[in-house]
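Visitor: I should like to understand the terms applied to the ligand sites of this model. Please set each value against its definition.

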Amino acid sequence: MRILMISAEAAPFAKTGGLADAVSALSIALHKLGHDVCIVMPRYYKINRENLTQLPGPMCVHCGYREEWTAVYTTDMPGEKGLPVYFIDHEGCYGRDGVYGVPSDTDFKDNPTRFSLLCNGAFQLCRKIGWYPDIIHAHDWSAALSTVLLRFNERHDNFANTKSVFTIHNLGYQGVYNKHNYSILSLDWNHFYSSGLEDYDQINFLKAGLISADALTTVSPTYAREIQTPENGFRMDGILRARSNDLYGILNGVDTDVWNPSKDSFIAKTYTAKTIKNKVENKKALQARMGLEVNPDIPVIGVVTRLVDQKGIADIFAPAYGCAYKLCADMRLQFVVLGSGEKWCEDELRVLSNNLPNFAAYIGYDESLSHLIEAGSDFFLMPSKYEPCGLNQMYSLLYGTLPIVRRTGGLADTVQNYNQETGEGTGFILDNLTPSSIYDTVGWAMYAWYNKPEHIANMRLRGMKQHFGWDVSAKKYLEIYEKLLK
Ligand code: ADP
Ligand code: GLC
């Protein structure tokens, strides 16, 4: 099967969150199963052209009335020969820092143009390389327009039998813009409503994908149910209920070539379930690197996150009511936080770090530290408001680090709650997102750490034995592709 992945992010080239990991890992898994897969994404300014090969000649892409001239670069996915990634190069659209925006301007005004270029460019790319997909698989709002273009403009000749799949990685980001941008999307005004783009007289890219794609997926079974309710539907629950027969929840996997404690080159000492005693070397290295007291007896709680509302950060870190200060003051534990995002939270983390001896934060994006935190922590806190899938709780399980999570979305699908009587479970679950319930659940985990060490040890091993292979998920996507092509 020929599958074209369209995405604003793909690891290791550009990543702001789990989307990048998921797109690359799914593509690799499908390729390993013998399918002809390629990825198309923008060449952001940070992606060095010197490591890429330029396709001969320019590529002209029509975005409505605008004619954009681009170059196309390519390279194979690192470690996966024969899986090409194509980069659309356009100085005006992508020659700057940031995927969707930068901290001072988190949503670029010209994002409609930038992602219209990506989606229109994807079709033009196929014509340029003479390769036509059976399936166009678009990820998140920034690629959603491709499903609309297929449905209303492109489904003839070489694309006559092409079908589209739209994956919702996060319903909270929809790409809503002024409707004057409609004229650069390459769609006739007749389709303003029928495409799903119209949203209270604005345009909404995600909504258009929900209406126009042949099949919809999201990244965990629980999230697939949650988004059909008004509480978690971000105004799209009605559409999602109407399309519930075409909506599938498929849990993301983990790329165990990258996230694997037995061969992780970012960590101080590798380990397996059999050599789990070596995990403590990572804890010591982490404590030392973060300037905390180096002491294996003190439980370390790790956090790696985008500092945004979705992740429940206010309930942990808000100066007025968050629970971090009280946890650090009341309990013998250490906090290690890696994150970047909302300015108030970054500032608050610096304050906590400066004032508490057992709280250390690194503000920024740091791949290697994120691995060391997974390996060196005893617990990993993720009290998300909502979580489509979540990757870090799965990484934590595989690294023998016990997740403390809220019962929502993919977190609910991957973590089993601790049973204090039997010792069963793989982590600690809270239901209400409030500072006091985070405080109580962390307190419960600390109780187990100090009083039930054998339970903690067994839970770790149980977590490390879990299988989150992409092979399983990739086969589920294939079933959907096959159904569409029948
Ligand atoms: P989301 O995509 O909503 O941010 P996920 O749990 O799916 O949540 O994925 C987050 C990914 O981004 C993980 O691979 C995590 O390690 C990584 N990540 C998030 N923030 C940082 C950071 N500050 N430094 C390094 N990696 C980070
Ligand atoms: C989104 C979600 C996250 C998910 C990731 C990859 O960013 O917030 O829960 O794991 O996409 O699908």
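Visitor: What makes the pair formed by ligand 2 and Gln-310 a polar contact?
Guide: An N or O atom in the side chain of Gln-310 is 3.2 Å from an oxygen atom of ligand 2. A polar contact is a pair of N or O atoms within 3.5 Å; within protein, one must be able to donate a hydrogen and the other to accept it, and residues adjacent in sequence count only if both atoms are side-chain atoms. The pair with Gln-310 therefore qualifies. An oxygen atom of ligand 2 also lies 2.8 Å from a polar side-chain atom of Asn-252, and one is 2.8 Å from a polar backbone atom of Gly-390. The protein covers 94% of the 310 Å² of accessible area (Shrake-Rupley method, 1.4 Å probe; for residues, only the protein chains shown count as cover) that ligand 2 has on its own.

Visitor: On what kind of model do these values rest, and how are they counted?
Guide: This is a predicted model, in which local features need pLDDT of at least 70 and side-chain atom pairs count only at pLDDT 80 or more, while totals for chains, interfaces and linings use all residues. Residues are numbered from 1 along each chain as its sequence is written, chains are lettered from A and ligands numbered from 1 in the order in which they are written, and side-chain values use heavy atoms, with hydrogens and water left out.

Visitor: Which residues come nearest to ligand 2, and what makes a residue near?
Guide: A residue is near a molecule or strand if one of its heavy atoms lies within 4 Å of it. Ligand 2 has 13 residues around it, and His-169, Asn-252, Glu-387, Cys-389 and Gly-390 come nearest.

Visitor: Which contacts of ligand 1 are called polar?
Guide: Oxygen atoms of ligand 1 lie 2.6 Å from a side-chain N or O atom of Arg-306 and 3.1 Å from one of Asp-21. A nitrogen atom of ligand 1 is 3.1 Å from a backbone N or O atom of Asp-366. The protein covers 94% of the 560 Å² of accessible area that ligand 1 has on its own.

Visitor: How is the shell around ligand 1 divided by residue class?
Guide: It holds six nonpolar, nine polar and six charged residues. Ala, Val, Leu, Ile, Met, Phe, Trp, Tyr, Cys and Pro count as nonpolar, Asp, Glu, Lys and Arg as charged, and the others, Gly among them, as polar.
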